[in-house]
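Here is a friendly walk through one protein model, with an eye to what its side chains do. Take a look at the sequence and the fold before reading on.

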Amino acid sequence: LISGYSEFSFAREAITLNVVDYLLKPIRLKELIATLSNAVKIVMRQRDLIQRTMHNERMSHVLLSEQQKEQLYAFLSGLESDFDFTNTSLFPEKAKCFQIGLFRLSYIKQKNDQEDKYHYDLDKLRLLVQDMIREIGGPWFYAFDNFARRQQIIVIAASPDTGEQVGAALAKTFHKIYCQVCSRLGVLLHVGVSGLAEKVSGAMMTQARQALDLRLSLASGPSGRVFFWEEWKNSSSIYFMEEDFNTYKKLLAEGDLQNVLTIVRRIFSSDDISLAFHIRILYSEMICILAHSCIKKVGGSVVSMLGPESLGGGIVDQFSDREELVESLCRTITTALDQWIPSAADISWVLQNVKSDIEANFTNSELSTNYLSKKYCISLGYLSTSYKKAYGITVTQHIISLQMDYAKKLLDETKLPLHAIAESCGYSNLSYFMRTFKKHIGCTPTEYREKVQ
């Protein structure tokens with residue numbers, strides 16, 4: 001926390017909230033850097049614990065130094081450009097070739113599905129998929145959580161051999177994993193696989209992301225698709241339309257919203273395969289131009305509205321197809337040019353999507369008014385007021401209402417213990433879940449279950 005208040009009572013409260021430090025203004029640069037470094041170390045240790053918990057059975061046989069673990073997680077998080085896998089004990093023997101795969105998981109929505117709870121438990125799904133990767137890929141396939149993306153799994157595949165046959169063998173295994181996951185778990189799965197290299201690097205991660213981004217533009221089957229970077233690399237020349245970008249800048253400066261949206265949709269409607277490969281760069285460039293234009297025009301900050309991921313292109317991972325990406329970009333532009341206040345037509349469309357999002361993902365622990373306001377590019381206060389006016393209930397009340405209804409269903413129809421029901425409803429803290437349940441239902445979960453029985 002950074003504050004101008006030096007009262008100890010504030011600092012003491014900050015400590016109870018697990019704040020790393022309480023910095024008083026004016027702040028010295030060295031002090032700030034030291035505090036941020038401590039925060040990074042804490043997060044890295046937390047990730048280490050999570051990783052060891054989720055992969056304890058396999059990781060217990062792997063001897064990695066603390067430095068190697070830190071470097072590994074930094075690479076997986078995008079903080080480091082490479083990691084030397086050849087000098088670790090991750091694989092049975094020294095690996096000579098590597099490949100990276102990015103798995104993006106989604107549930108296939110089905111009518112009258114009797115297993116509703118699995119539609120909301122991405123953590124459980126990730127564990128199942130990682131178990132299948134280990135089962136099918138064997139000791140040469142390692143699966144890691146993507147800490148920044150709940151729906152993604154990072155797979156590092158290796159081989160003790162070299163040559164063309166290695167690439168074919170690894171590709172066959174990736175495809176086998178994809179087929180088995182789709183058939184056994186009934187999920188929508190897209191996989192982006194990098195080229196083959198003698199050393200794992202950030203360039204390979206970029207290739208895997210580019211391959212995965214092809215899902216936004218190219219046709220897929222009902223269960224998804226595997227995209228191999230090697231198959232498309234000859235079409236990966238940088239996609240850049242200077243004339244269109246100059247027109248886009250000019251129209252933004254003039255505040256001509258209608259024509260700005262027209263040119264954005266036209267740029268993204270191209271069938272050029274290089275657009276599919278570089279859609280992340282294209283999106284980021286348009287956001288950067290918008291941010292610069294807004295700062296000059298009204299002093300607004302696109303970064304504060306969308307977060308830093310918008311400039312780096314990480315936000316692209318959230319979208320299911322190109323149309324969704326384009327509409328999100330158009331909403332962002334509309335909001336920015338209207339000085340962060342959406343039009344009546346836009347807000348009606350946004351509220352419908354927010355409501356659908358809540359009803360589909362109410363057990364997601366990250367779901368909140370703040371999360372939804374960022375996702376749909378609408379101010380927090382405006383979303384809260386508009387949602388209650390439209391539906392007679394606040395966003396938070398709607399989320400809790402659905403969670404409590406689902407909790408009652410699980411208490412009524414299953415014999416799951418309370419902590420499992422709490423987790424299934426999106427609560428990591430059992431005590432908080434029980435207090436919330438009693439407040440809204442009028443009795444404790446145990447009393448409710450006894451009454452039902």
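## Packing around the core

Leaving aside residues up to four places away in sequence, Phe91 touches Phe85, Phe98, Pro139, Trp140, Tyr142, Ile156 and Ala158. Please keep in mind that this is a predicted model. Phe91 and Phe85 are also the residues with the most contacts inside the largest nonpolar core, which has 54 residues. Which element gives the most to this core? That is α6, with eight residues. Apart from this core lies another one of 30 residues, including Met404, Tyr406, Leu411 and Leu418.

Phe91 turns up again among the aromatic rings: ring pairs link Phe91 with Phe98, Trp140, Tyr142 and Phe144 into a cluster.

## Rings and their partners

A pair of aromatic rings is described by the distance of the centres and the angle of the planes. The count of aromatic pairs in the model comes to 13. One of them joins Phe103 and Phe174: with ring centres 6.3 Å apart and planes at 40 degrees, the angle is neither under 30 nor over 60 degrees, so this pair counts as tilted. The pair bridges distant parts of the chain, as Phe103 sits in strand β3 (residues 97-107) and Phe174 in helix α6 (residues 164-185), 71 residues apart. Are these two residues buried or exposed? Both Phe103 and Phe174 are buried.

Elsewhere, a charge meets a ring: Lys355 lies over the face of Tyr391, 5.6 Å from the ring centre.

Here are three of the distances from this report, side by side.

| Partners | What is paired | Distance |
|---|---|---|
| Phe103 and Phe174 | ring centre to ring centre | 6.3 Å |
| Lys355 and Tyr391 | Lys355 to ring centre | 5.6 Å |
| Asn364 and Glu366 | side-chain polar atom to backbone nitrogen | 2.9 Å |

## A buried asparagine in a loop

Now to the last pair in the table. Asn364 is found in the loop between α16 (344-361) and α17 (369-375). Why does Asn364 count as buried? Its relative accessibility is 12%, and the cut-off for buried is under 20%, so Asn364 falls on the buried side. A polar atom of the Asn364 side chain lies 2.9 Å from the backbone nitrogen of Glu366.

## A covered strand

Finally, have a look at strand β7 (residues 224-228). This strand is mostly covered, with four of its five residues buried. How does β7 pair with strand β6 (residues 187-193)? The two strands run in the parallel sense over five bridges. Within this pairing, Val193 has Phe228 of β7 as its bridge partner.

Definitions and conventions:
Residues numbered from 1 in each chain as written. Predicted model: local features only at pLDDT ≥ 70, side-chain atom pairs only at ≥ 80, totals over all residues. Heavy atoms only, no water. Phe/Tyr/Trp six-rings, centres within 6.5 Å; stacked < 30°, edge-to-face > 60°. Buried < 20%, exposed > 50% of the residue type's maximum accessible area, 1.4 Å probe, protein only. Lys NZ or Arg CZ within 6 Å of the ring centre and 35° of its normal. Core = buried A, V, L, I, M, F, W, Y, C linked by side-chain atoms within 4.5 Å. Contact = heavy atoms within 4.5 Å. Polar contact = N/O pair within 3.5 Å; in protein donor to acceptor, adjacent residues only side chain to side chain. Pairing = 2+ DSSP bridges.
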